[in-house]
Amino acid sequence: MTNDSRPEVPTTITGTPDQLVTQIDEVRNRLAANVDQLVQRSHPKTIARRGLADLKSKFVTPSGEPRMETIVPVVGGIVAVVGVIVVIRKIVSS
């Protein structure tokens, strides 16, 4: 993941002690923001919401209409599996 909005990180530290303290504070604040973002992204509820949104997007358009090109094959597959199970149970019970 590339983030082009990141500020340039100096390779050498120079300046007055006050400038160094300011630079260290800026780096600490950026690091804290990154850690907070990683914690939020890795939270189980956030991961579950993201997964549910991905799944929903496969079956519903952004405008809320069903995606029949996805729903029909899934329903057909479920009907086929149930049909196979019923046939196998009838054969076994006979």
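**Close-up views of a three-helix predicted model**

**View 1. Surroundings of Thr46 in the predicted model****.** Thr46 touches Gln40 and Arg41, leaving aside residues up to four places away in sequence. A polar atom of the Thr46 side chain lies 3.1 Å from the backbone oxygen of Gln40. Thr46 itself lies in helix α2, which covers residues 44–59. Thr46 counts as buried because its relative accessibility is 15%, under the 20% limit. In the protein, 1% of the 94 residues count as buried.

**View 2. Nonpolar surface patch with Val74****.** Val74, Ile78, Val82 and Val86 make a nonpolar patch of about 320 Å² on the surface. Val74 lies in helix α3, the element that spans residues 68–93. With a relative accessible area of 38%, Val74 is partly exposed, and so passes the requirement of over 30% for patch residues.

**View 3. Helices and confidence****.** The protein has three helices and zero strands, and its elements run α-α-α from the N terminus on. Confidence is highest in helix α3, at a mean pLDDT of 95, and lowest in helix α1 (residues 17–42), where the mean is 91. Across the protein the average pLDDT is 88, and 87% of the residues score at least 70.

**View 4. Accessible surface of the protein****.** The accessible surface comes to about 8500 Å². Carbon and sulfur atoms hold 65% of this area.

How values were computed:
Residues are numbered from 1 along each chain as its sequence is written. This is a predicted model: local features need pLDDT of at least 70, side-chain atom pairs count only at pLDDT 80 or more; totals for chains, interfaces and linings use all residues. Side-chain values use heavy atoms; hydrogens and water are left out. pLDDT is the predictor's confidence in each residue, from 0 to 100. Helices (H or I, at least four residues) and strands (E, at least two) are DSSP runs, numbered from the N terminus. Patches are made of residues with over 30% relative accessible area and no salt bridge: like charges are joined within 9 Å, nonpolar side chains (Val, Leu, Ile, Met, Phe, Trp, Tyr) within 5 Å. Accessible areas come from the Shrake-Rupley method with a 1.4 Å probe; for residues, only the protein chains shown count as cover. A salt bridge is a side-chain nitrogen of Lys or Arg within 4 Å of a carboxyl oxygen of Asp or Glu. Buried means under 20% relative accessible area, exposed over 50%, partly exposed in between (1.4 Å probe, protein chains only). A polar contact is a pair of N or O atoms within 3.5 Å; within protein, one must be able to donate a hydrogen and the other to accept it, and residues adjacent in sequence count only if both atoms are side-chain atoms. Contact means heavy atoms within 4.5 Å.
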